[in-house]
Amino acid sequence: MIEKIQELLHEEKWTRATINSYSVHNFTELAEIVEQISEDNLLEIKDMCDEHLVHTKNSIIALYISGIISLKKHFIDDSNLLQLINLFYDNRKWNIVEHLCNETLSFGENRIALRLLADCYDNQGKEDEKFVIWERLIKIDYEETDILKTLAEKYELEDNIEKAIDYYKKCMHRFINKRSFAQIKEIWGKFIEYIPEEYEYLLNINSRIQKGINQERAAQLLDDLYSYYSERQEWDRSIEILKLILSYQPNNTVARTSIIACFKEKYKDHSKLASYIEKSNLTQAYRDIQTAIEEFEKHISFDQGTFVYHKTWGIGRIKSLKNESLVIDFASKRNHPMTLKMSIKALKVLPKNHIWVIKSIFPKEKLKEKVKKDIPWALRTVVLSFDNSLSLKKIKAELVPSILTPNEWLSWNNNAKKILKTDPLFSINPDSSDEYMVRSTPITYDEKTLNIFKGEKDIYHKIKIVKDFLENSDPESDYFAEVFSYFTGILKSFSSINDTVVACYLYVMKLMKQYPFLSQNLEISFKDLYNEIDQVDALFNAINDTELKKCFLEEVKNNFEQWPQIYKDLFKYYQSSYILDMLFNNKQRDVALSIFTNAYSSYKEDPETCLWLIKNYSKDFWIDKVGISYDRLIISMLHMLDISYRAIENKKEVSKNRKLSKNIYTIMFEDGELLAYFRTCDVNSVQRIYPLVNEISDLAPARKIEIKHIIKERFPEYLFQNDSNTTSNISGGLLVTMTKLKDKEEELRYLSEVAIPENSKEIGDARLLGDLKENAEYIAGKEKQELLNIAIGKLKEELSKAVVFNPEETNTSKISFGTRVVLFNRKAEKNETIIILGPWESDPKNNIISYLAPFGAALIAHTVGEHLDFTINERDYSYDVVSIEKYLD
C-alpha cells in the first residue's frame with residue numbers, strides 16, 4: 001500500500017493534474033484506498049504525505065490522505081483537509097466542497113467545515129440545507145452571534161416563540177461576553193415582551209450586565225422591567241426592582257419618586273403610612289436613599305399582629321399600636337409596653353412564615369415530623385427566613401438541636417443535599433457560592449450546573465461536576481463553553497507547574513479528543529509541562545482522578561523513550577493492571593517483573609503496593625514468573641498484618657492501617673488463603689509459620705484456634721508451645737465456645753468501627769453548637785464515649801483471656817466444661833438436667849450454668865454415682881450424680 005500511494009503522488013506530480021480535472025468519484029476512490037491501509041502503516045503514510053507537501057504544498061492526494069488519517073487517529077491538527085476544501089471552495093467546485101465537508105463531519109462536528117458547507121449551500125441557493133447546517137454550527141461555535149440571532153428572528157417570524165426565546169437567551173449570553181450593549185438592549189426588549197415573568201432569570205442577566213459592562217447600563221434595562229410589574233400592580237417586585245436601580249444610581253430622582261409611589265400603594269391601608277414617610281425623609285433629596293428606605297421599612301413593618309424577635313425575650317407578637325407606643329406579647333413577658341423608637345432599635349420584625357416564628361408556634365414533635373417528612377418545605381422555609389440566601393452550615397444551626405437531633409440531622413442532611421442539587425427550584429447564590437437560594441421559577445439543569453461549578457473550589461471536584469454534566473446533558477451548550485474556558489484559561493495564565501495545571505491540560509486534551517469541535521491550538525505541550533515538573537512522582541500522586549492519571553501515563557508513553565522506567569517509578573501511585581499490561585505487551589517484561597520484586601523487598605515501607613500485587617496476581621504467577629515462593633508471601637502478609645495492628649494500637653495513621661489490616665485479614669481468612677496454606681503445607685512450614693501467627697497479639701483468638709485445629713488434624717503429634725491436652729489446666733484463661741467467641745468479636749468490632757466513630761461524629765457536631773459547659777448534646781456525647789470505652793476495654797480483657805474449647809476434648813468421665821449432667825435432687829425427689837458451659841454462655845433459666853459460678857464450681861470434677869452436699873448463700877443442696885454425657889458437637 002505504501003508503494004501504491006508513492007506511485008499516486010509521483011503520477012500526480014508529473015501529470016500536473018488540475019483542480020478542474022477532479023470529481024467526487026476521484027475522492028471516493030481515494031477513500032477506498034485509505035480504508036485499505038493497515039493500522040500499523042497509517043502514521044508512516046501520513047509522514048510520507050506530509051513530507052511530500054513540503055515540496056508540493058497543493059498536492060490534492062497528499063492533502064486528502066494526510067487529512068483523513070489525522071481524523072481517523074483523532075489528531076487535533078486537521079488543517080490539511082481544510083486546506084484542501086478551501087482550494088475547491090475558491091474554485092467554486094461546490095459538489096466537491098459538499099462531499100469533502102460531509103466526509104470531514106462524519107468524524108465529528110467541525111466549525112470550519114460547517115461554515116464552508118453552509119456557504120456552499122448558500123452559493124447554490126439551498127436555503128433549507130443552509131439553515132440545517134447553521135443549527136449545527138451554533139451548537140459548537142460558542143463565539144458565533146450573527147447566525148444565532150438570525151435563527152432566533154426566523155423562529156420568531158414563524159411564531160415559534162419558545163424556540164426563538166431559547167435562541168435569544170443564547171444570544172444574550174454571548175453578547176454579554178462580548179460586551180455588546182446595543183445587541184443586549186435589543187434582546188432584553190424581546191424578553192420583556194415574551195418572558196417578563198421569568199423574574200429570577202432576568203435579574204441574573206441584569207447582574208451579569210452590571211458586573212460585565214456597568215451599573216448605568218444595567219439600571220437602564222431595569223426601567224423596562226419595572227414598567228411591566230408596576231402596570232400590573234405587583235408592588236413587591238416593583239419595589240425590589242426600584243431598590244436595585246437605586247443601588248446602581250442613588251441619585252436617580254425618577255426611581256426615588258417611583259418607589260415612594262409604590263410604598264403608598266402597598267401600605268395604603270396602614271394607619272401610619274404618611275407619618276412614616278415623613279419620619280424617614282423619603283421625599284427629601286438630601287437624605288441618603290438607602291438609609292431612608294431602611295428606616296421607612298423598619299417603621300412600617302410595626303403593626304398590630306406582626307411577629308417580632310428580641311435577643312433576650314425571644315419571639316413576640318404586637319398586641320396593639322397606639323401613637324408612639326406598642327404592647328407586645330412575649331412568651332415570658334406578656335403585655336410588655338415599648339416605645340416605637342425603642343422597638344426599632346431592639347426588635348427584629350419577622351414574617352409569619354419565618355422559621356423562628358414557626359418554631360415558637362408549633363409543638364416540637366409536630367414540627368419535627370413535618371421537617372423530616374417534607375424536606376423541600378423545610379429548606380424553603382429556612383432559606384427564605386434569611387433573605388433567601390443561606391449555607392448548609394447555617395441551615396443546620398436553625399434545625400439542630402431545636403428540631404432535629406444530631407443523629408437525625410445526618411440522614412436529613414444527605415437527603416437535603418440531593419434535593420438542593422437536583423431540584424430546579426433551588427439554586428446556588430451567584431454572589432456567595434456556599435449559599436443556596438429559593439426560586440419562584442425553575443432553573444435549567446445547565447445553569448444550575450454552571451453555578452455549582454463556579455462555587456466549587458477544588459479542581460478535581462470541578463472536573464467531577466463536568467463529567468456528571470456530560471452524562472446528563474451535552475457540550476453543545478453556552479454554559480459548557482464557559483466551563484471549558486475555565487480550564488483553557490488556567491493553561492493560558494499559569495506561572496508555575498502544579499497538579500492543577502497538569503490536570504487541566506489532560507482534561508482539556510481528553511475533551512478535545514472526545515468532542516473535536518472544541519479543538520484549539522494550545523501553546524504548550526505535555527512534554528513542555530513534564531520537563532518543568534520538579535518532582536514528577538509527587539505531582540502524579542497529587543492528581544486526584546484515576547482517569548487523568550491514566551491520561552498522564554499515556555502522554556508519557558507517547559513522548560518519552562524512557563517511559564518504562566517512569567511507569568515503574570509511578571506504579572506505587574497508580575496501582576493498576578494498566579501499567580503492568582503496557583509493560584508486558586510492549587516487551588518490557590524485566591521492568592514489569594522488577595515492580596514485583598521491588599514491592600516484595602520493601603513491603604514493610606510500602607505495604608499497600610505489595611498487598612495489591614499479591615491480591616491481583618496468582619500465587620503461581622509469583623512462584624513461576626517472579627520467583628518468590630508462596631511461603632515467603634504468606635510470611636510477608638503476616639508481618640504486614642502484625643505491623644498494621646501495632647500501628648493502630650499506637651494510633652499511627654489509624655485510618656490507613658485499619659484499611660490495610662482489613663484487606664490483609666480478608667485475603668488471609670475470609671478468602672481462606674492462610675487456612676488453605678495450612679491444609680497443604682508440610683510440617684516444617686508449620687513450625688516456621690504458625691509461631692508468626694500466634695505472635696500477632698491482636699489477631700482474633702478464634703482464628704488462631706481454627707488454624708490450630710487444622711494443624712492438629714494433619715499432624716496429631718505436633719506439639720504447640722505451652723500446649724496442654726486438658727482444658728482444666730488453663731491458667732487464668734476463660735473457657736468459651738467458638739460461637740460465643742465470634743459473637744463477642746463481632747460485638748467488639750461493632751463498638752470499635754461503628755459505635756465509636758458515630759459517637760465521635762455526634763461529639764463533633766455538638767461542639768459546633770458552642771458553649772460546651774451548658775451544651776447538653778456535648779455532655780451526653782462525652783458520657784456515652786466514656787461508657788463505650790469502658791465496654792471496649794472490658795471486652796478486650798475478656799477476649800485476651802478467652803480459650804476456645806474443643807468439643808472433641810470433652811471429658812465425660814467427670815463433670816466438666818461441655819457436659820450435660822443429670823442430677824437427682826434428693827430434697828425435691830426428682831431428676832434435674834444441668835449443662836456446664838462458661839460465663840458467656842450462661843443461661844440459668846434454661847439450666848445452662850457457668851463452670852465459674854458457685855453452683856457450677858460445686859459440681860465440677862465429680863463423677864457418676866457420687867453423692868453431693870453443699871451450701872450456697874445459706875441454702876443447702878443435696879444431689880446424686882446420675883449421668884454425664886457430651887453436650888457440644
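**Entry 1. Leu823 and strand 11**

I began with a cut-off: a residue is called buried when its relative accessible area is under 20%. The model I looked up is a predicted one. I turned to Leu823, whose place is in strand 11. Is Leu823 buried or exposed? Its relative accessibility is 0%, so Leu823 counts as buried.

I then listed what surrounds this residue. Setting aside residues up to four places away in sequence, Leu823 touches Lys830, Asn831, Glu832, Ile834, Leu859, Tyr879, Asp880, Val881 and Val882. For one of these partners I looked up the separation: Leu823 and Val882 are 59 residues apart in sequence, yet 5.4 Å apart in space from C-alpha to C-alpha.

**Entry 2. Glu885 and strand 15**

I next looked up Glu885, which has its place in strand 15, residues 875–886. Glu885 has a relative accessibility of 38% and therefore counts as partly exposed. Apart from neighbours within four places in sequence, Glu885 is in contact with Thr812, Gly818, Thr819 and Arg820. I also noted the pair Glu885 and Ser816, which are 69 residues apart in sequence and 10.0 Å apart in space, C-alpha to C-alpha.

**Entry 3. The loop after strand 11**

Between strand 11 (819–825) and strand 12 (830–837) I found a loop that holds Glu829. Glu829 is not a glycine, but it has a positive phi of about 55 degrees. I recorded the general expectation beside it: most residues other than glycine have a negative phi. At 64% relative accessibility, Glu829 counts as exposed, because exposed means over 50%.

**Entry 4. Lys651**

I looked up a further positive phi. For Lys651, a residue other than glycine, phi is near 60 degrees. Lys651 lies in the loop between helix 36 (630–649) and helix 37 (654–670). With a relative accessible area of 70%, Lys651 is exposed.

**Entry 5. Pro401**

I looked up one peptide bond. Is the bond from Val400 to Pro401 cis or trans? It is cis, with omega near 0 degrees. In general, most peptide bonds are trans. Pro401 sits in the loop between helix 22 (392–399) and helix 23 (406–422).

**Entry 6. Helix 24**

How many of the eleven residues of helix 24 are buried? Eight are, so helix 24 (residues 445–455) is largely enclosed by the rest of the structure. The buried residues of helix 24 are Asp446, Glu447, Lys448, Thr449, Leu450, Asn451, Phe453 and Gly455. I then asked which elements these residues pack against. I found helix 12 (199–212), helix 23, strand 7 (426–429), strand 8 (432–438), helix 25 (459–472) and helix 26 (478–493).

**Entry 7. Arg287**

I looked up a charged residue in a loop. Arg287 is found between helix 16 (273–280) and helix 17 (289–301). Its relative accessibility is 18%, so Arg287 counts as buried. Leaving aside neighbours within four places in sequence, I listed its contacts as Arg256, Lys279, Ser280, Asn281, Ala292 and Glu295.

**Entry 8. The nonpolar cores**

I noted a general tendency before looking at the cores: in soluble globular proteins, nonpolar side chains tend to be buried together. The largest nonpolar core here has 225 residues, and those with the most contacts inside it are Phe552 and Phe678. Helix 27 (residues 499–514) gives the largest share of this core, eleven residues. Not counting residues up to four places away in sequence, Phe552 touches Val502, Leu506, Phe526, Tyr530, Val536, Leu539, Phe540, Ile543 and Leu570. A second core, separate from this one, has 38 residues, among them Ala755, Val804, Trp840 and Ile872.

**Entry 9. The whole chain**

I closed with the overall figures. The protein chain has 43 helices and 15 strands. Of its 889 residues, 47% count as buried. The radius of gyration is 40 Å, whereas a compact globule of 889 residues would have a value near 29 Å. Along the principal axes, the C-alpha atoms fill a box of roughly 115 × 105 × 45 Å.

Among contacts with a separation of 6 or more, 57% join residues 24 or more positions apart. The accessible surface comes to about 46,600 Å², and 47% of this belongs to carbon and sulfur atoms. I looked up the charges last: there are 120 positive and 138 negative side chains, and the centres of the two sets lie 6 Å apart.

Definitions and conventions. Residues numbered from 1 in each chain as written. Predicted model: local features only at pLDDT ≥ 70, side-chain atom pairs only at ≥ 80, totals over all residues. Heavy atoms only, no water. Helix = DSSP H or I, 4+ residues; strand = E, 2+ residues; numbered from the N terminus. Rg over C-alpha atoms; globule rule 2.2 N^0.38 Å. Buried < 20%, exposed > 50% of the residue type's maximum accessible area, 1.4 Å probe, protein only. Contact = heavy atoms within 4.5 Å. Areas by Shrake-Rupley, 256 points an atom, 1.4 Å probe, with all protein chains shown as cover. Lys, Arg positive; Asp, Glu negative; His and termini not counted. Charge placed at Lys NZ, Arg CZ, Asp CG, Glu CD. Core = buried A, V, L, I, M, F, W, Y, C linked by side-chain atoms within 4.5 Å.
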